[in-house]
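Dear colleague,

I am passing on the structure below, together with notes on what turned up in it. Please read the notes with the coordinates open beside them.

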Amino acid sequence: DKDYIYDAKTDLLADISLRFRYEQEAAKNVYWTTYAGTGFSGIQTNLEKSYDEDGNADRWYSISSFSLFGGVKLRYKKVGCFLEYRYSPYSIANKVRKSFGNSIINTGICVTFK
């Protein structure tokens, strides 16, 4: 809501994406992967909407946006770590402030099942 700031928590974060990756062997059992992609991201909050007389409103406030991302992964055998930059301009939906959720850097540990 543009006129009021709500204190909310995220109950659900969803992302559907198409990813392109290139993997090369840097040394024996060591792999370097670069990737990029695009997708659709959505956040559902814990804030309830009010219902109309017929009960036809969505129950939870949510926002969604397209996303662009790219990253690198370094893996030894099946375990590795990654660094990823993600851009999701949630402000396009005009439901949040312009500075909300535009960019994030994700890091973590990954496991490959192949």
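In this predicted model, β2 and β3 run antiparallel and are joined by 16 bridges, and within that pairing threonine 34 stands opposite valine 72 in β3. β3 is also joined to β4, again in an antiparallel arrangement, through nine bridges, with leucine 68 standing opposite tyrosine 87 in β4.

The connection between β3 and β4 is a hairpin with two residues between the strands. Lysine 77, in the loop between β3 and β4, has a phi near 55°, which is a positive value in a residue other than glycine. Most residues other than glycine have a negative phi. Lysine 77 counts as partly exposed because its relative accessibility is 44%. A positive phi also appears at asparagine 29, where the value is near 65°; asparagine 29 sits in the loop between β1 and β2 and, at 26% relative accessibility, counts as partly exposed. Lysine 28 lies in that loop between β1 (10-27) and β2 (30-48) as well, and it counts as exposed because its relative accessibility is 70%. Although lysine 28 and tyrosine 76 are 48 residues apart in sequence, their C-alpha atoms are 8.8 Å apart in space.

Turning to charged side chains, the structure holds four salt bridges. One of them is formed by the side chains of aspartate 15 and arginine 86, at 3.4 Å from N to O, and this pair links distant parts of the chain, since aspartate 15 is in strand β1 and arginine 86 in strand β4, 71 residues apart. Aspartate 15 is partly exposed, with a relative accessible area of 37%, whereas arginine 86 is buried, with a relative accessible area of 13%. Asp15 and Arg86 also belong, with Glu84, to a network of salt bridges.

Glutamate 23 forms a salt bridge with arginine 21, their closest N and O atoms being 3.5 Å apart, and another with arginine 75, where the closest N and O atoms are 3.1 Å apart. Glutamate 23 lies in strand β1 and arginine 75 in strand β3, so this second pair ties together parts that are 52 residues apart in sequence. As for exposure, glutamate 23 counts as partly exposed at 25% relative accessibility, arginine 21 is exposed with a relative accessible area of 53%, and arginine 75 counts as buried at 5%.

Which side chain of opposite charge is nearest to lysine 73, a residue that is buried yet has no salt bridge? It is glutamate 23, at 4.9 Å, and a salt bridge would require a side-chain nitrogen within 4 Å of a carboxyl oxygen. Lysine 73 is found in strand β3, and, leaving aside its neighbours within four places in sequence, it is in contact with Tyr31, Trp32, Thr33, Cys81, Phe82, Cys110 and Thr112.

Finally, there is a nonpolar patch on the surface, formed by Phe66, Leu68, Leu83, Tyr85, Tyr87 and Ile105, which together have about 560 Å² of accessible area. β3 (60-76) and β4 (79-87) each supply at least two residues of the patch, and β4 gives the most to it, with three. Isoleucine 105 is found in strand β5 (residues 103-111) and counts as exposed because its relative accessibility is 59%.

With best regards

Methods: Residues numbered from 1 in each chain as written. Predicted model: local features only at pLDDT ≥ 70, side-chain atom pairs only at ≥ 80, totals over all residues. Heavy atoms only, no water. Helix = DSSP H or I, 4+ residues; strand = E, 2+ residues; numbered from the N terminus. Buried < 20%, exposed > 50% of the residue type's maximum accessible area, 1.4 Å probe, protein only. Patch = residues over 30% accessible without salt bridge, like charges linked within 9 Å, V, L, I, M, F, W, Y side chains within 5 Å. Areas by Shrake-Rupley, 256 points an atom, 1.4 Å probe, with all protein chains shown as cover. Lys, Arg positive; Asp, Glu negative; His and termini not counted. Contact = heavy atoms within 4.5 Å. Pairing = 2+ DSSP bridges.
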